[in-house]
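Open the viewer and keep the selection tool at hand. We go from the whole chain to single side chains.

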Amino acid sequence: MKRMLRDFDWQGKRALVRVDFNVPFERGTTRISDDVRIREALPTIEYLRGQGASVVLCTHLGRPDGKRVPEMELGPVVERLGELLGAPVGYVHDAPGGEAKAAAGALAAGDVLMLETIRFWPGEETNDADFAASLASIADAYVNDAFGTAHRAHASTEGVARLLPAMAGLLMEKEITFLGGVLENPVRPLAALLGGAKVSDKLQVLGRLVGHADELFVGGGMAGTFLKAQGYEIGVSLVEEDLVGFCTDTMERAAAASTPVTLPEDVVVAERIEPGVPTSVVGIGDIPANAMILDIGPRTAADYAQRLAAVGSVVWNGPMGVFEVSPFNEGTRIVAEAIASGNVVSVIGGGSTAEAIAHLGLAEQMSHVSTGGGASLEFLEGRELPGVAALDDV
């Protein structure tokens, strides 16, 4: 069991908190289009302030590749955080240097300081020991509240945790609790709903869920490879030819393990991915040679919705279609609304699935929407996350 935020006396201490404020912006502007990641970190920040600690925050933003990129500076993020906290937030264009150390040293209890985008320094992603030590030198203890980057062994996620008392923040604790619970002690029956573009993204999680989940449901672009493995002609749909055999083996292993795998019975097809493009709903045995699968069909969506609303737990990773483009968002919407309205423990993987749930306005009706795309998938695969493993054990 990992050390948690409440397991430390914070009075008069300075906390270095790794957050994930890698937020999206409206195209071509500095306006944040979705501040969920900032909001999710507020409980940890407020707890520390309430316990008499000063708070130094660090985060990445985008992929600057170890160079300073003005468009990726954190000014808009600092401004929005201050609005949400209702308190001023200090900001230095520094992370490992003397300016950051001086600003941190001047903090009083309850003050909050934001360091500059941590990936501006190459030592972050290489987990450089000196860079980690410079970060550790500005605080008394370390809190990792950035589950979305916990699968990265970087200086601010893993290196610094080796140098200070290190514990999980409230968001990290919630992620570990929900994702771990759905694997270790789920409310049965447990269903897994897997979608998204590629089977290759789900190889390990499929392997783990066969025999553990009570049912598996497949949608999204990855359904094409599974359908081809079953002998169906899928037109010009996305297919991973090298994984057709894997899909066949998975279906066979699932049958042997008494884990039913449900594939779509009808699909929405079109010749291209564009808003308003002519579409057809066809059975999986009638996919035109010049068309591609872009969503599950209405019969499939209704079937998935009815059955998923009746299970005990569902873990969902990957949308049912190209949800960003209407009309290929209907399958995702129908299934999401059913899960949200059912008496189901619903754990939603991060990334595009979380984005779809947020777009539909259903996040508050789910039990847990993960803030980590790759991290949640690796956690479900059973892999050890460096940012979690480095925290103190209790």
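The stops below run from overall fold to local detail.

**Stop 1: the whole chain.** This is a predicted model. Show the protein chain as a cartoon: 15 helices and 15 strands make up its secondary structure. Align the view to the principal axes. The C-alpha atoms fill a box of roughly 70 × 45 × 35 Å. The radius of gyration is 23 Å, which agrees with the value near 21 Å for a compact globule of 394 residues.

**Stop 2: surface and contacts.** Switch on the surface. The protein chain exposes about 15,900 Å², with 49% supplied by carbon and sulfur atoms. Of the 394 residues, 54% are buried. Among contacts with a separation of 6 or more, 74% link residues 24 or more positions apart. Now colour by charge. There are 31 positive and 53 negative charges, and their mean positions lie 3 Å apart.

**Stop 3: an aromatic pair.** The structure holds four aromatic pairs. Select one of them, Phe120 and Trp121: the ring centres are 6.4 Å apart and the planes meet at 40 degrees, a tilted pair. Are these two side chains buried or exposed? Phe120 has 4% relative accessibility, so it counts as buried. Trp121 is at 18%, so it also counts as buried, the cut-off being under 20%.

**Stop 4: Thr353.** Move to helix H13, residues 351–359, and pick Thr353. Its relative accessible area is 2%, so Thr353 is buried. Which residues does Thr353 touch, leaving aside neighbours within four places in sequence? Select Trp316, Asn317, Gly318, Pro319 and Ile348. Finally, draw a C-alpha to C-alpha distance from Thr353 to Glu116: 29 Å in space, 237 residues in sequence.

Conventions:
Residues are numbered from 1 along each chain as its sequence is written. This is a predicted model: local features need pLDDT of at least 70, side-chain atom pairs count only at pLDDT 80 or more; totals for chains, interfaces and linings use all residues. Side-chain values use heavy atoms; hydrogens and water are left out. Rings of Phe, Tyr and Trp (its six-membered ring) pair if their centres lie within 6.5 Å; planes under 30 degrees apart count as stacked, over 60 as edge-to-face and the rest as tilted. Buried means under 20% relative accessible area, exposed over 50%, partly exposed in between (1.4 Å probe, protein chains only). Helices (H or I, at least four residues) and strands (E, at least two) are DSSP runs, numbered from the N terminus. Contact means heavy atoms within 4.5 Å. The radius of gyration is taken over C-alpha atoms; the globule rule is 2.2 Å times the number of residues to the power 0.38. Accessible areas come from the Shrake-Rupley method with a 1.4 Å probe; for residues, only the protein chains shown count as cover. Lys and Arg count as positive and Asp and Glu as negative; His and the chain ends are not counted. The place of a charge is taken as NZ of Lys, CZ of Arg, CG of Asp or CD of Glu.
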